[in-house]
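User: I am new to this protein and would like a short tour by question and answer. Please take it one step at a time.

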Amino acid sequence: MRISLPLLSTAVGLGLTVAALGTGPAATAAAAPQVPVQAAQVGYQAAAGSGEDAAANRAFFEAVIKSVAEKRAAAPSSAAAVTVYYSAANAPSFRTQIARSTQIWNSSVSNVRLAESSSGADFAYYEGNDSRGSYASTDGHGNGYIFLDYRQNQQYDSTRVTAHETGHVLGLPDNYSGPCSELMSGGGPGPSCTNAYPNSAERSRVNQLWAYGFKAALDKALQKTSQR
Ligand SMILES: [Zn+2]
């Protein structure tokens, strides 16, 4: 089941999924949240005129970082690394790839770590069929999620797709013109590219974002808490 949409240049989604329509393999998993018109999205492959990508990625990253910062403001911790919790309950076919992506990121960066949680996750993975392919998005209510498309994950290396989308959670934007050694080049280097590791520039960027970007988000969350 495909929804015929023009190539999405402005990340306008209808939020319909196969699960919502009750057919296909996705019917067994929960549907991805409805994507409102203003929702920000970044995909695995370049869409025509994807000038919105940088802004969409920022919106997505900000949703995740805010969720993590608010939790830490409520329960201060002295741990240097920040933990971002995810739920994989709605992407049962991708358990292996999600675990592998988590392992790749946790061995690649030091200022943030990913961990699975059965409740109160900062973002969630979903699976299904979508003509837009896989993407990272927000639901318009400040919650981030990653959608993994069945067809795209057969065409492209599935661990790379998963690690790439997870790169958005950690704040990296797309760079489709980059080489295969760059994780955020996504579908740019073509289906033969199977590298699922971020390169050194991507690793440093994530470490920076979670050292400085997170500090700013935490200050904001602490301000909000003290105003209550
Ligand atoms: Zn992407």
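User: Which residue of strand 4 does N90 stand opposite?

Analyst: This is a predicted model, where local features need pLDDT of at least 70, side-chain atom pairs count only at pLDDT 80 or more, and totals for chains, interfaces and linings use all residues. Residues are numbered from 1 along each chain as its sequence is written, and side-chain values use heavy atoms, with hydrogens and water left out. Strands (E, at least two residues) and helices (H or I, at least four) are DSSP runs, numbered from the N terminus. Opposite N90, in strand 4, stands Y126.

User: How many bridges does strand 4 form with strand 6?

Analyst: Two strands count as paired if DSSP finds at least two bridges between them. Strand 2 and strand 4 pair in the parallel sense over three bridges. Strand 4 and strand 6 also run parallel, and A124 stands opposite Y145 there. The bridges joining strand 4 to strand 6 number six.

User: What is the order of the strands in the open sheet?

Analyst: The protein has six helices and six strands. The pairing in the sheet is mixed. Strand 1 (41-43) and strand 3 (112-116) have a single partner strand each, so one side of each lacks a neighbour in the sheet. The order of the six strands is 1-5-6-4-2-3.

User: In which sense do strand 5 and strand 6 pair?

Analyst: Strands of a sheet pair through backbone hydrogen bonds, either parallel or antiparallel. Strand 5 covers residues 135-138 and strand 6 covers 144-149, with four bridges between them. A136 has I146 of strand 6 as its bridge partner. The sense of this pair is antiparallel.

User: Is strand 4 largely enclosed or exposed, and why?

Analyst: Buried means under 20% relative accessible area, exposed over 50%, and partly exposed in between (1.4 Å probe, protein chains only). On one side of strand 4, F123, Y125 and E127 are buried; on the other, A124, Y126 and G128 are buried too. Because six of its six residues are buried, strand 4 is largely enclosed.

User: At what angle does helix 5 run to strand 6?

Analyst: Axes are lines fitted to C-alpha atoms, for helices over the stretch in contact (heavy atoms within 4.5 Å), and angles run from 0 to 180 degrees between N-to-C directions. Helix 5 (residues 158-169) lies across strands 1, 2, 3, 4, 5 and 6. Its angle to strand 6 is about 165°.

User: Which residues does V161 touch, not counting those up to four places away in sequence?

Analyst: V161 lies in helix 5. It counts as buried because its relative accessibility is 0%. The C-alpha atoms of V161 and S134 are separated by 7.7 Å, though the two are 27 residues apart along the chain. The residues touched are Y44, S134, L148, N153 and Y156.

User: Which helix gives the most residues to the lining of the second largest pocket?

Analyst: A pocket is an open set of points on a 1 Å grid over the protein atoms alone, where a 1.4 Å probe fits, with protein on both sides within 12 Å along at least five of seven lines; lining residues have an atom within 4 Å of a point. Of the 14 lining residues here, E62, I65, K66, A217 and K220 are the closest to the centre. Helix 2 and helix 6 (200-226) each give two or more residues to the lining. With seven residues, the one that gives the most is helix 2.
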